[in-house]
Amino acid sequence: MVGHVARCVGQLAVALLGIVTVAFFLMRAIPGDPALYMLGDFATTEALAALRARLGLDLPVWQQYGVFLLRAVQGDLGTSVVTGEPALREILASVPPSAALAVAGMAIAVVFGVPLGIIAAVRQGSAVDVGVMLLALGGISFPVFWVGIVAILTFSHALGLFPALGATSEPGFWKGLHHLALPALVLGLSVAAYIARLTRSAMLEVLGQDHIRVARAMGVPERRIVWKLALRNALIPVLAVIGVTFAWSLGNAILVEAVFSRPGLGSTILKAILARDYQLVQAGVLVLAAAVVLLNTALDLLYATIDPRLRQR
Amino acid sequence: MGRRGMLAAGAGLGLGGAFGSPVLAQGARTLRVRFGADVSQLDPARIFQNENQSVASHIYSGLVQYDQATNAIVPDLAASHEVSADGTAWTFRLRPGVTWHKNFGALTSDDVKFSLDRVLDPATGSLYRGQLASVREVQAPDPMTVRIVLNEANSGFLHKLCAFNQGWIVSRRAVTEIGERYSMNPIGTGPFVFDRWTPGSDVRLTANPDYFAGASTLTDVVFRIVRDETAAAIALENRELDVFYALQSPDVIERLRRAGGVTVLDRPANNTVNLVLNTTVGPLRDVRVRRAMAHAMNRKALVDGFFRGTKFEATSVLTSTFQEFTEEDVPRYAFDPARARALLREAGAPNFRFEITTVGLNPFDRFPVALANDLQQVGIQATVRVLERGAYVQARSSGNVQSCVTAVVGPPDPDSPLVTLYHTRSHPPGLNTSRYDRADDLLAEAARAPDLVARKAAYARLLRQTMEDLPVIPLYADRLFIAHGPTVQGFVQNSLFTVNVSPVSLRGA
């Protein structure tokens, strides 16, 4: 167990170093820099030189990289060049809204996606199956920004059930949940469509296997076959997709965040890239990468609990 | 803001129970304003972007200010001012009893001197150092008097001191004590006090009960970031927002005009959007080619068709909001493809490759396509190159662009667009990517002019000359739209690209 944890930490460190290094050099490879961004229309040669010197951008890139690494291992990810605030503060401030959206969205996705997929598989070829798969096709095909606007027009404007602004900075758990409901539903249903399709095909595959046929021949009740014998096997690929999608929605729910005016990690990193706010990008990439790596580790452990065969390796 | 927030804000301001209780008893009167983008920088020496300037305009004051409705220059922190006979020494008497937010003490002339010296100091890296180029020295002979000595007379000098960008006055003590983090922890003397910034979500200000010109009837203002215009429109209709700032989409403008209880305001803005031609390369060196291009582009169709009437046609880089604006004898270039072809033939450049560089932001990424199409109709092989903002600024500041779509935004100071686009001081990395060099003398003459009449005459000459030489083709003049809900009263729209809700009150709240 200790060895396993040590291996995980080692992997985490290597992955983070690699990702941050790529981000560091990619940001410096694209045209434009923070000094140009800030001086913009009023740039003069002298002002640019002065600002670049103040920001340390006049040093050779490898030297900048060294300074960055040295500070990063001490836990200092620098200050945003635009706002002067610690980069990590702004990034960490955008983690809770992203995590809340991802968790709520994923809960909705699982609650709708898995049962619908099972029902479609059990009733393969029936009207229910066709209906569920048509819905799933719609969920995958309609872009979330369009579904989002339609949802706002329907649930917020016409019915008055939820606020049009999908976030609030005012305190209060229930207030926050009320604002979160609609964006979580839009994100969740688009993911539910994937999960329903995947659950259906995984279930169909398992239901066609020999051990299920044997169980049926032995007279095991159908309910037990579906929910106990087949589902447990079918869940492994579904779990993999849930994990990947969760990590994806932490950083990439930008469109949902934009439509519902929510802050979030994806939006913050995008803003930082556009402003060439190097420190903010690096801090954001680091936090996002750490979240993804940790999530995958947790998923690996979860597989083992579901599938005993994995435990023996 | 909830009760707890009010208490926190009260405590932050160091206010005793004597003030706190009556406000709580009346309940919060919070005004919610939509922003399209987040804020990032509230230090006047380094401030840029409309959202930042909008927030700062509630926090800071200047020695003088633009009247929001008329653009006339009226007193702010200075109760009065006088100019020496030779026009080089400006003396300002400060209003007594003005205090800084959050217990940073009383305003003195030393703060004014500190603010201006700070912008002038090259080490500050201020964007606006050039704006104060005519200043020789700032003196503080006594705590209530500021004396500014200029290198030479400048009748337009008050524009540089108006409450905007470099004109906003900061506290020496606050800037020194807060240090590196001042940018997002600003201290001013204005009607609202900075409370907190939630990145990606909102900025909150609380009313300054000690504001020298009378406290606001609002308790606080929230600038809420709502990126999508349709979502913002629905939020306004749902009463989740009170003011919709930066309204641009013709569709959303139409929608809100039909919505019940919503008032849509519009006003000509100070800014124009232009095609800046590099006059040092290829056929663009020939003025006939530049004029041919102006005749080839159907700018009326752009305004009426693409923008569905939400912009104005521009006749120069000054708009009607400037006191110095004139159209008299300023050459115009009507849409006339035949004339364009004739001019091109005359110049010996019947067809050539031409590239328009523009920025990948709505609407700048789309409308140039229509202009390129117009140019192709007269034989110019025009293409559009759309660059992401950082790459666009890099390309523009390198000066290696054949032409560039450039928007100029600023206060109603004619030097703002004219120096920025035509002065040699603004050659790349500045905005004068045409590398035009015939305006310096006329701009200096306008600055030296003793009064408004003489100034107007000097600027008129400059407008005529620049529209004849045509290093810059004005494409359209901007028009600002703002919408507000039924409870908002006393809203005044300015011609800057900012929103200021200081005079607003809420009805029935």
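Student: Which residues of chain A does the UniProt annotation "domain: ABC transmembrane type-1" cover?
Tutor: Residues 95-299 of chain A, according to the UniProt record, an unreviewed entry. Keep in mind that this is a predicted model.

Student: What's the helix and strand content of that span?
Tutor: Residues 95-299 of chain A are 83% helix and 0% strand. The end C-alpha atoms of the span lie 20 Å apart.

Student: And chain A as a whole, how many helices and strands?
Tutor: 14 helices and zero strands. Read along the sequence, the pattern is one α after another.

Student: Which domains does the assignment give for chain A?
Tutor: Two entries: domain 1 is 2-89 and domain 2 is 95-263 of chain A. Domain 2 and the UniProt annotation both begin at residue 95. The annotation runs to 299, while domain 2 stops at 263.

Student: What separates the domain centres?
Tutor: 37 Å, taken over C-alpha atoms of domain 1 and domain 2 of chain A.

Student: What box do the C-alpha atoms of chain A fill?
Tutor: Roughly 85 × 55 × 35 Å along the principal axes.

Student: How much of chain A counts as buried?
Tutor: 42% of its 313 residues.

Student: What about contacts far apart in sequence?
Tutor: Take the contacts in chain A between residues at least 6 apart in sequence. Of those, 72% join residues at least 24 apart.

Student: Switching to the interface. How many residues of chain B are in contact with chain A?
Tutor: 45 residues of chain B, in contact with 50 residues of chain A.

Student: Which elements of chain B give two or more residues to that side?
Tutor: β10 (220-225), α7 (229-237) and α13 (389-398) of chain B. α13(B) gives the most, with six residues.

Student: How does the chain B side divide by residue type?
Tutor: 16 nonpolar, 16 polar and 13 charged.

Student: New topic: α16 of chain B. What span should it have, and why?
Tutor: The helix has 18 residues, 452-469 of chain B. At 1.5 Å a residue, counting one less than the number of residues, it should span 26 Å. The end C-alpha atoms are 25 Å apart, so the two agree.

Student: Which residues of α16(B) are buried?
Tutor: Arg455(B), Ala458(B), Tyr459(B), Ala460(B), Leu462(B), Leu463(B), Thr466(B) and Met467(B).

Student: What do they pack against?
Tutor: Two helices and a strand of chain B: α14 (415-422), α15 (440-448) and β16 (472-484).

Student: What comes just after α16(B)?
Tutor: Leu470(B), with a positive phi of about 55°.

Definitions and conventions. Residues are numbered from 1 along each chain as its sequence is written. Chains are lettered from A and ligands numbered from 1 in the order in which they are written. This is a predicted model: local features need pLDDT of at least 70, side-chain atom pairs count only at pLDDT 80 or more; totals for chains, interfaces and linings use all residues. Domain bounds come from an automatic or database domain assignment. Two residues are in contact if their C-beta atoms, placed from the backbone, lie within 7 Å. Helices (H or I, at least four residues) and strands (E, at least two) are DSSP runs, numbered from the N terminus. Ala, Val, Leu, Ile, Met, Phe, Trp, Tyr, Cys and Pro count as nonpolar, Asp, Glu, Lys and Arg as charged, and the others, Gly among them, as polar. UniProt positions are given in the numbering used here, feature names are shortened, and annotations may be inferred rather than shown by experiment. A residue is buried if 20 or more other C-beta atoms lie within 10 Å of its own, exposed if 12 or fewer, and partly exposed in between; C-beta atoms are placed from the backbone.
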